[in-house]
Amino acid sequence: SSDLTGNGDYYCSGNDLNNFAQVTPDSMEKAAREGAVLLENFVNHFIDFPKPLIAVVNGPAVGVSVTILGLFDIVYATDRATFHTPFSQLGQSPEGCSSYMFPKIMGYAKANETLLFNKKLTAEEACTQGLVSEVFPDRTFQKEVWARISAYAQLPKDSL
């Protein structure tokens, strides 16, 4: 399996929107095309990944770091993690296959509340809605999750 986690107190704070602020009006279309290709390639790597993917959400997660969680095989979270997709308040649309995966995972009403209306989910809410596999107390999170991942790594590779 392969795992993805953050460093420090946050899982991921999302895209740095200042990158988009530097785009001049005459280069906007080109920048949008290039950004779309980059995002598509990024997401396709998760879709096509040949091994089980495990997200180890060690703190707050924003934007694409949340939306791609629907592509993971397992999502573990600390109880202090939050999940926020503030796309509409930023004039953006949901990304990372979330408009397809979230309704399948949590149902249309909850997906819309999260993706369209910017509802920030607690770890427990994300777990109840099926986005997170299990929530762990922050004080034991790292120890418990990495022990499980070590055990998973011992499973026969061809059976996964």
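What follows is a chat between a trainee and a mentor about a predicted model.

Trainee: Let's start with the cores. Which residues have the most contacts inside the largest nonpolar core?

Mentor: That core has 28 residues. Helix H2 (28-47), strand S2 (53-57), H3, strand S4 (74-78), helix H4 (98-106), helix H5 (108-115) and helix H6 (123-128) each supply at least two of its residues. The ones with the most contacts inside it are Val57, Leu69, Phe72 and Phe83.

Trainee: Take Phe83, then. Which residues does Phe83 touch, not counting residues up to four places away in sequence?

Mentor: Keep in mind that Phe83 is one of the residues with the most contacts inside the largest core. Its partners include Val57 and Leu69, and there are lysines as well, Lys119 and Lys120. The full set is Val57, Ala61, Val66, Leu69, Ala77, Lys119, Lys120, Leu121, Thr122, Ala123, Ala126 and Val132.

Trainee: On to S2. How many of the residues of S2 are buried?

Mentor: Look at both faces. Leu53, Ala55 and Val57 point one way from S2, while Ile54 and Val56 point the other way, and all are buried. S2 is mostly covered, and the count is five of its five residues.

Trainee: Which residue in S4 stands opposite Ile54?

Mentor: S2 and S4 run parallel, and four bridges join them. Ile54 is one of the buried residues of S2. Across from Ile54, in S4, stands Ile74.

Trainee: There's another sheet too. Which strands stand at the edges of the open sheet?

Mentor: The sheet has three strands in the order S3-S5-S6, with mixed pairing. An edge strand here has a single partner strand, so one side of it is left without a neighbour in the sheet. Two bridges join strand S5 (residues 82-84) to S6, running antiparallel, with Thr82 opposite Thr122. The edge strands are S3 (61-62) and S6 (121-122).

Trainee: Now helix H7. Why do the buried residues of H7 sit on the same side?

Mentor: H7 (residues 141-153) has 13 residues and reaches 18 Å from its first C-alpha to its last, close to the 18 Å expected. Its buried residues are Phe141, Val145 and Ile149. They lie on the same side of H7 because the arc they cover around the axis is only 40°.

Trainee: Which residues does the second, separate core include?

Mentor: This core has seven residues. The buried residues of H7 are Phe141, Val145 and Ile149, and those three are among its members. Add one tyrosine and the named members are Tyr76, Phe141, Val145 and Ile149.

Trainee: Is Ser65 buried or exposed?

Mentor: Ser65 is in helix H3 (residues 64-67). Its side chain reaches the backbone oxygen of Val62 at 2.9 Å, and Ser65 also touches Tyr11 and Cys12. With a relative accessibility of 4%, Ser65 counts as buried.

Trainee: And Arg80: which backbone oxygen lies 2.8 Å from a polar atom of the side chain of Arg80?

Mentor: Arg80 is in the loop between S4 and S5, and it is partly exposed, with a relative accessible area of 32%. Its side chain reaches the backbone oxygen of Asp9 at 3.0 Å. The one at 2.8 Å is the backbone oxygen of Asn58.

Trainee: Last one. How far apart in space are Phe87 and Phe117, C-alpha to C-alpha?

Mentor: Phe87 sits in the loop between S5 and H4 and is buried, at 6% relative accessible area. Its contacts include Leu115 and Asn118. Phe87 and Phe117 are 30 residues apart in sequence, and their C-alpha separation is 8.4 Å.

Definitions and conventions
Residues are numbered from 1 along each chain as its sequence is written. This is a predicted model: local features need pLDDT of at least 70, side-chain atom pairs count only at pLDDT 80 or more; totals for chains, interfaces and linings use all residues. Side-chain values use heavy atoms; hydrogens and water are left out. Buried means under 20% relative accessible area, exposed over 50%, partly exposed in between (1.4 Å probe, protein chains only). A polar contact is a pair of N or O atoms within 3.5 Å; within protein, one must be able to donate a hydrogen and the other to accept it, and residues adjacent in sequence count only if both atoms are side-chain atoms. Contact means heavy atoms within 4.5 Å. A nonpolar core is a set of buried Ala, Val, Leu, Ile, Met, Phe, Trp, Tyr and Cys residues joined through side-chain atoms within 4.5 Å. The expected span of a helix is 1.5 Å times one less than its number of residues. The arc is that of the directions from the helix axis to the C-beta atoms. Two strands pair if DSSP finds at least two bridges between them.
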